[in-house]
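Q: Please take a close look at the surroundings of the ligand for me, and go on from there to a few other places that a first-year student could follow in the view. I would like one connected account, with each step of reasoning spelled out.

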Amino acid sequence: MTSLSVAPTLSERLAGIAEVECVIPDMNGIPRGKLVNAQPYLQGRRVQMAHGVLVQCLTGEYPEPRYYGYDDSDFILHSIPEQVHVTPWTAQPRALALCEALEMDGTPSRLSSRSMLQRVVERYRSRGWFPKVATEIEFYLFEHNPDVQQAFQAPVGLDGRREVGNQAFAAGSAHALQPFFTELKEGMAALGIPCEAVMHEMGLSQYEVNFIHDDPLLIADQTFLFKFMLHEIALKHGLIAVCMAKPLSKMPGSSMHIHQSVVDGQGQNIFTNPDTGEASELFAHYLGGLQAGLGDLILLMAPNVNSYQRYCHVYASPNNLCWSQDNRRTGLRVPSSDPAARRVENRVPGADANPYLAIAATLAAGLHGIERQLHPDLPAQGDFEVPDDLRLSCTLHRAIRRLQVSEVARDFFTPEFIDGYLACKQLELESFLDEISPWERRYLSQV
Ligand SMILES: NC(=O)CC[C@H](N)C(=O)O
């Protein structure tokens, strides 16, 4: 006798669940959404929000819709069936439904970061290719403090002590926060996120989680959901999880490295020449595209004022687009691997980046290189000098100017998205410049 296993329906999966949290990433990758009653949700009640929500600034301000060619109409939050999950960490049983943004006519939103990644992936598919990516995300864990103006402090662990110094790869420090990590791993399992590794990173109470490579949309969804869950579980344990690019001065920043490869319909890695096992011409063009295109797209990988502080004291946080075999000081690192796993790691994005956009920018630049048959520079060797054209912008202001002129952005993304994103970032920059920092008061009060 054979036993047939039938996947449970959505209603079966959500049995006993009172509320469903429908969320969507805004342009900053911040989850926005609505907590809706499960019954009408299961009966197919439509969930809608205003387009402005997608373009909302970190400060809560909204750029004028005329800047991105929209009015203040609604879009639909359409649940992605594989991304509806029951969340074990919430006090009341709840479901989390990751949604895609659709226009009222059912087409993908021209303002949504998720649809921008979808567009880039489609362009690969139209050639019979399937990009694969893996992200690695770093974050700091600090003691929760309701006053966000206060300096961050390492938490007290099970051993009753606060961590001191930089305990890279220290097993003991992670064990001192074991109840938190146990729940985090249970949460990952509940969200269907396979975890390659969790480790202590170089900074004080800094950790890293590695995801297993897969389809770019799936990995972006997982990275987005992971960050959402990370914040919630941390709060439950009296901690705050901080994914700022540079939360502490004189400490390493936090990155979101992206490993990329591309396979064809037979699953062969197109970055390797099947006859010789050596790197293929396509790989060279892909690297050439990353070098030519990512400089203009840095705003999608380093989206905040603070993102640029991560590049100031370089603790393996390169602000260049040099490439190398296995050198962590280059923005584009080709890790040693067997030919079937040939890939390139983009080390430029910060943990504060919207994963959909950082991945979309990287894949778009690579495909641009293949389409234009670009060539990379010679690989960086030893203690290399960074040529001027491979040096990255070091301020948000400059990064905004670069995106305004990016050919790749206009070619791969919708004009509405680029204009909306630029308007959002410009407003955030103005808000930042309107605030006087402690450094200015400390040193400029004497001039
Ligand atoms: N181990 C590492 O690669 C460290 C990366 C570093 N924390 C960064 O900000 O990029």
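A: Starting at the ligand, a polar side-chain atom of Arg310 lies 2.8 Å from one of the ligand's oxygen atoms, and it should be kept in mind throughout that this is a predicted model. Ser317 also uses its side chain, with a polar atom placed 3.0 Å from an oxygen atom of the ligand. Gly253 takes part through its backbone, where an N or O atom lies 2.9 Å from a nitrogen atom of the ligand. The ligand, taken alone, exposes 300 Å², and the protein buries 92% of that area. The residues around the ligand, which can be picked out one after another in the view, are Glu138, Glu201, Gly253, Ser254, Ser255, His257, Arg310, Tyr315, Ala316, Ser317 and Arg347.

From Glu138, which is among the residues around the ligand, one can step along the sequence to Phe139, which belongs to strand β6 (residues 129-143). This leads to the aromatic rings, of which the structure holds 15 pairs. Phe139 and Phe226 form one such pair, a tilted one, with 6.3 Å from centre to centre and 55° between the planes. The two partners come from distant parts of the chain, since Phe226 sits in helix α6 (residues 216-236), 87 residues away from Phe139 in strand β6. Phe139 counts as buried because its relative accessibility is 0%, and Phe226 is buried because its relative accessible area is likewise given as 0%. Another pair is formed by Phe180 and Phe181, and this one is edge-to-face, with the centres 5.0 Å apart and the planes at 75°. Phe180, at 2% relative accessibility, counts as buried, and Phe181 is buried as well, with a relative accessible area of 7%. Ring pairs join these four residues with Tyr207 and Phe211, so that the cluster consists of Phe139, Phe180, Phe181, Tyr207, Phe211 and Phe226.

Some polar side chains are also buried, and Asn269 is one of them, because its relative accessible area of 8% falls under the 20% cut-off. Asn269 is found in the loop between β10 (256-264) and α7 (281-293). A polar atom of its side chain lies 2.9 Å from the backbone nitrogen of Phe271, and the side chain of Asn269 also reaches the backbone oxygen of Arg342 at 2.8 Å. Leaving out residues up to four places away in sequence, Asn269 touches Ser261, Val262, Val263, Pro339, Ala340, Ala341 and Arg342.

Ser115, in helix α3 (residues 113-125), also counts as buried, at 5% relative accessibility. A polar atom of the Ser115 side chain lies 2.8 Å from the backbone oxygen of Ser109. When residues up to four places away in sequence are set aside, Ser115 touches Pro108 and Ser109.

Cys22, found in strand β1 (residues 19-25), counts as buried at 0% relative accessibility. Apart from its neighbours within four places in sequence, Cys22 is in contact with Arg32, Gly33, Lys34, Val36, Tyr41, Val47, Leu77, Ala97 and Cys99.

Helix α9 (residues 396-404) shows how buried residues can be arranged around a helix, its buried members being Leu396, Ala399, Ile400 and Leu403. Seen down the axis of α9, these residues fall within an arc of 105°, so they line one face of the helix. Among the elements that cover the buried residues of α9 are α10 (407-412) and α11 (415-433).

Two loop residues complete the tour. Lys250, in the loop between β9 (239-242) and β10, has a phi near 60°, which is a positive value in a residue other than glycine. Lys250 is exposed, with a relative accessible area of 65%. Asp326 is not a glycine either, and has a positive phi of about 70°; its place is in the loop between β11 (323-325) and β12 (332-334). At 32% relative accessibility, Asp326 counts as partly exposed.

Key: Residues numbered from 1 in each chain as written. Predicted model: local features only at pLDDT ≥ 70, side-chain atom pairs only at ≥ 80, totals over all residues. Heavy atoms only, no water. Buried < 20%, exposed > 50% of the residue type's maximum accessible area, 1.4 Å probe, protein only. Helix = DSSP H or I, 4+ residues; strand = E, 2+ residues; numbered from the N terminus. Arc of directions from axis to C-beta. Contact = heavy atoms within 4.5 Å. Near = heavy atom within 4 Å. Polar contact = N/O pair within 3.5 Å; in protein donor to acceptor, adjacent residues only side chain to side chain. Areas by Shrake-Rupley, 256 points an atom, 1.4 Å probe, with all protein chains shown as cover. Phe/Tyr/Trp six-rings, centres within 6.5 Å; stacked < 30°, edge-to-face > 60°.
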